[in-house]
Amino acid sequence: MSEIVIRKMDMSDVPYVYKEELKIFGKSLGEATLYHEVLHNKLSKYFIALVDGKKAGYVGSWLTIPNAEILNLFVSEDYRGNNIGTMLMNKVIRVCEEEKIELLTLEVRPSNKYAITMYEELGFELSHRRKNYYKNNEDALLMVLKIEVIA
Ligand SMILES: CC(C)(COP(=O)(O)OP(=O)(O)OC[C@H]1O[C@@H](n2cnc3c(N)ncnc32)[C@H](O)[C@@H]1OP(=O)(O)O)[C@@H](O)C(=O)NCCC(=O)NCCS
């Protein structure tokens with residue numbers, strides 16, 4: 001059985017994230033921004049999934065208390081359908097609980113049915129639609145998760 005580990009992203013992960021973002025989305029935050037996020041941005045919470053020590057996915061988020069935002073999420077193609085996306089999202093949700101975040105938001109393309117299903121299973125709800133949000137004029141769905149604040 002494979003061992004799946006979720007850990008903080010560090011500098012050594014930047015080339016992997018950059019390459020995969022380009023492959024999967026056709027664009028990336030860019031290596032310089034990714035280095036900055038990992039090294040200097042105190043609001044950033046970035047995590048990497050490892051399967052038997054191999055990089056398999058990533059999630060990037062910003063904690064702008066009392067809210068937080070998912071910036072990006074992917075699971076490398078060979079590893080999809082193994083709960084890794086859910087685990088990465090759960091890691092961010094746990095950090096939000098610890099930091100007393102009240103609302104976690106994200107944007108997703110209406111055509112991205114897998115991602116939408118996953119977000120709904122995690123408890124996200126549709127907030128509203130942002131018209132012509134993406135470069136190809138596709139709308140974005142803004143989804144929100146209300147976080148239970150632990151006393
Ligand atoms: C969306 C993504 C992150 C999901 O990651 P994943 O590790 O494959 O997802 P999980 O295994 O945790 O699956 C969660 C749910 O998503 C849905 N899902 C995932 N893969 C699926 C597939 N191949 N077929 C149908 N449903 C699927 C299912 O509802 C699944 O829940 P279930 O296991 O209870 O059926 C991944 O597909 C991906 O990287 N896609 C490209 C990048 C992207 O779209 N990122 C999100 C941008 S908003």
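Strands here are DSSP runs of E at least two residues long, numbered from the N terminus. With that in hand, here are my notes on what is a predicted model.

1. **N72 and its partners.** By that numbering, N72 sits in strand β4. With a relative accessibility of 17%, N72 falls under the 20% cut-off and so counts as buried. The side chain of N72 makes a polar contact with the side chain of E21, at 2.8 Å. Setting aside neighbours within four places in sequence, N72 touches E21, F25, Y58, V59 and G60.

2. **Helix α1, length check.** E21 brings us to α1, which covers residues 14-25. At 1.5 Å a residue, its 12 residues should span 16 Å, and the end C-alpha atoms are indeed 16 Å apart, so expectation and model agree.

3. **Helix α1, its two sides.** Which residues of α1 are buried? They are V14, Y16, V17, E20 and E21. Looking down the axis of α1, these fall within an arc of 155°, so they line one face of the helix. Over on the other side of α1, K19 and K23 are exposed. Note that two glutamates, E20 and E21, are in the buried set, and E21 is the one whose side chain meets that of N72.

4. **What α1 packs on.** The buried residues of α1 pack against α2 (31-39) and against three strands: β2 (44-51), β3 (54-64) and β4 (67-75). Just past the end of α1, G26 takes a positive phi of about 75°.

5. **The ligand site.** There are 21 residues around the ligand, and V75, N83, G85, T86 and N112 come nearest. Have a look at the backbone here too. A backbone N or O atom of L73 lies 2.8 Å from a nitrogen atom of the ligand. On the oxygen side, a backbone N or O atom of G85 is 2.8 Å from a ligand oxygen, while for I84 the corresponding distance to an oxygen atom of the ligand is 3.4 Å. Taken alone, the ligand exposes 920 Å², of which the protein buries 71%.

6. **N83, worth a second look.** N83 is among the residues that come nearest to the ligand, and it is found in the loop between β4 and α3 (84-98). Although N83 is not a glycine, its phi is positive, at about 75°. Is N83 buried, partly exposed or exposed? Its relative accessibility is 47%, so N83 counts as partly exposed.

7. **Another positive phi.** N132 also has a positive phi without being a glycine, with a value near 50°. You will find N132 in the loop between β6 (125-130) and β7 (140-146).

8. **The cis peptide.** Where is the cis peptide bond that I would check by eye? It joins I65 and P66, with omega about 15°. P66 lies in the loop between β3 and β4.

9. **E102, and back to P66.** E102 is in the loop between α3 and β5 (103-108). At 46% relative accessible area, E102 is partly exposed. Which residues does E102 contact, leaving aside neighbours within four places in sequence? P66 is one of them, and the others are L145, K146, I147 and V149. For K146, the C-alpha atom is separated from that of E102 by 5.9 Å, with the two residues 44 apart along the chain.

Technical notes. Residues numbered from 1 in each chain as written. Predicted model: local features only at pLDDT ≥ 70, side-chain atom pairs only at ≥ 80, totals over all residues. Heavy atoms only, no water. Helix = DSSP H or I, 4+ residues; strand = E, 2+ residues; numbered from the N terminus. Expected span 1.5 Å × (residues − 1). Buried < 20%, exposed > 50% of the residue type's maximum accessible area, 1.4 Å probe, protein only. Arc of directions from axis to C-beta. Contact = heavy atoms within 4.5 Å. Near = heavy atom within 4 Å. Polar contact = N/O pair within 3.5 Å; in protein donor to acceptor, adjacent residues only side chain to side chain. Areas by Shrake-Rupley, 256 points an atom, 1.4 Å probe, with all protein chains shown as cover.
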